[in-house]
Amino acid sequence: MTSPLFAGHPFGTIVTEETLRNTFIPLTQWEDKYRQLILLGKQLPALSDDLKAQAKEIAGCENRVWLGYSLHENGTLHFFGDSEGRIVRGLLAVLLTAIEGKTTAELQAHSPMALFDELGLSAQLSASRSQGLNALVEAAQDAGWQH
């Protein structure tokens with residue numbers, strides 16, 4: 001079995017909320033933001049079948065999407081995920097940036113959706129993508145309470 005700790009990605013460490021603000025906020029056209037989401041999604045490593053099996057497949061999404069996590073001894077959470085859709089992978093990358101390395105209390109106190117709003121992404125999403133994103137955010141916020 002592959003350890004979730006080895007499900008590495010640059011989001012929340014190399015790619016930070018500040019990085020995303022600098023990338024997305026200057027963009028005024030949705031097409032440009034869309035392109036950036038696709039580029040972000042390409043930086044998200046594909047999960048092995050073993051890690052997909054350890055993650056939870058999130059219901060309510062157009063594309064298949066998985067979100068998993070592990071709890072570190074210091075109380076912070078490491079998240080990992082994957083999706084079959086290019087845009088959903090980009091949205092997942094933004095979500096991972098907002099939630100990686102946080103504690104359960106931090107996730108409850110500050111909704112990751114605030115970053116999507118700040119970047120101007122929330123308003124442009126279709127109803128089904130918004131529903132799927134909300135399901136992902138809820139799964140992330142519920143993660144720490146399951147221990």
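This briefing covers the salt bridges, the sheet and the helix packing of one chain. The model is predicted. Eight salt bridges turn up in a search of the whole structure. Three strands make an open antiparallel sheet. Helices α4 and α7 both lie against strands β2 and β3.

**Salt bridges around Arg21**

- Glu17, Glu18, Arg21, Lys102 and Glu118 belong to a network of salt bridges.
- Arg21 pairs with Glu17, with N and O 3.2 Å apart.
- Both residues sit in helix α1, which spans residues 17–24. They are four residues apart, so about one helical turn separates them.
- Arg21 also bridges to Glu118, where the closest N and O atoms are 2.5 Å apart.
- This second pair links distant parts of the chain. Arg21 is in helix α1, Glu118 is in helix α6 (residues 113–118), and their positions lie 97 residues apart.
- Burial varies within this group. Glu17 is buried at 18% relative accessibility, because the cut-off for buried is under 20%.
- Arg21, at 21%, is partly exposed. Glu118 is also partly exposed, at 39%.

**The Arg64–Glu57 salt bridge**

- Arg64 and Glu57 form a salt bridge through their side chains, at 3.0 Å from N to O.
- Arg64 has 40% relative accessibility and counts as partly exposed.
- Glu57 is partly exposed as well, at 39%.
- Strand β1 covers 56–57, which places Glu57 in an edge strand of the sheet.

**Sheet layout**

- The strand order is β1-β2-β3, and the pairing is antiparallel.
- β1 (56–57) and β3 (77–83) are the edge strands, and each pairs on one side only.
- Strand β2 (residues 65–71) runs antiparallel to β3, and seven bridges join the two.
- Two facing positions illustrate the register. Leu67 has Gly81 as its bridge partner in β3. Ser70 stands opposite His78 in β3.
- β2 and β3 form a hairpin, with five residues between the strands.
- Gly75 lies in the turn of that hairpin and has a positive phi of about 90°.

**Burial of strand β3**

- β3 is an edge strand, yet seven of its seven residues are buried.
- In a regular strand, side chains alternate between the two faces of the sheet.
- One side of β3 carries Leu77, Phe79, Gly81 and Ser83, all buried.
- The other side carries His78, Phe80 and Asp82, also all buried. Both faces of the strand are therefore covered.

**Helices on the sheet**

- Helix α4 (residues 86–99) packs on the sheet and touches β2 and β3.
- The direction of α4 makes about 175° with that of β3. That angle counts as roughly antiparallel, because it is over 145 degrees.
- Helix α7 (residues 127–143) lies across β2 and β3.
- α7 runs at about 15° to β2. This counts as roughly parallel, because the angle is under 35 degrees.

**Packing of α2 on α4**

- Helix α2 spans residues 30–42.
- α2 packs against α4 at an angle of about 80°, and their axes are 7 Å apart.
- The two helices are therefore roughly perpendicular to each other.
- On the α2 side, the contact involves Tyr34, Leu37, Ile38, Leu40 and Gly41.
- On the α4 side, it involves Arg86, Ile87, Arg89, Gly90, Leu91, Ala93 and Val94.

**Lys33, buried without a salt bridge**

- Lys33 is in helix α2.
- Lys33 is buried but has no salt bridge.
- Asp32 is the nearest side chain of opposite charge, 9.3 Å away. No salt bridge is counted there because the cut-off is within 4 Å.
- Leaving aside residues up to four places away in sequence, Lys33 touches Phe24, Leu27, Leu119, Gly120 and Leu121.

**Thr104**

- Thr104 lies in helix α5, which covers residues 104–109.
- Thr104 is buried, with a relative accessible area of 12%.
- Thr104 and Ile14 are 90 residues apart along the chain, and their C-alpha atoms are separated by 22 Å.

Technical notes: Residues are numbered from 1 along each chain as its sequence is written. This is a predicted model: local features need pLDDT of at least 70, side-chain atom pairs count only at pLDDT 80 or more; totals for chains, interfaces and linings use all residues. Side-chain values use heavy atoms; hydrogens and water are left out. Buried means under 20% relative accessible area, exposed over 50%, partly exposed in between (1.4 Å probe, protein chains only). Two strands pair if DSSP finds at least two bridges between them. Contact means heavy atoms within 4.5 Å. Axes are lines fitted to C-alpha atoms, for helices over the stretch in contact, and angles run from 0 to 180 degrees between N-to-C directions. Lys and Arg count as positive and Asp and Glu as negative; His and the chain ends are not counted. Angles under 35 degrees count as roughly parallel, over 145 as roughly antiparallel, 65 to 115 as roughly perpendicular and the rest as oblique.
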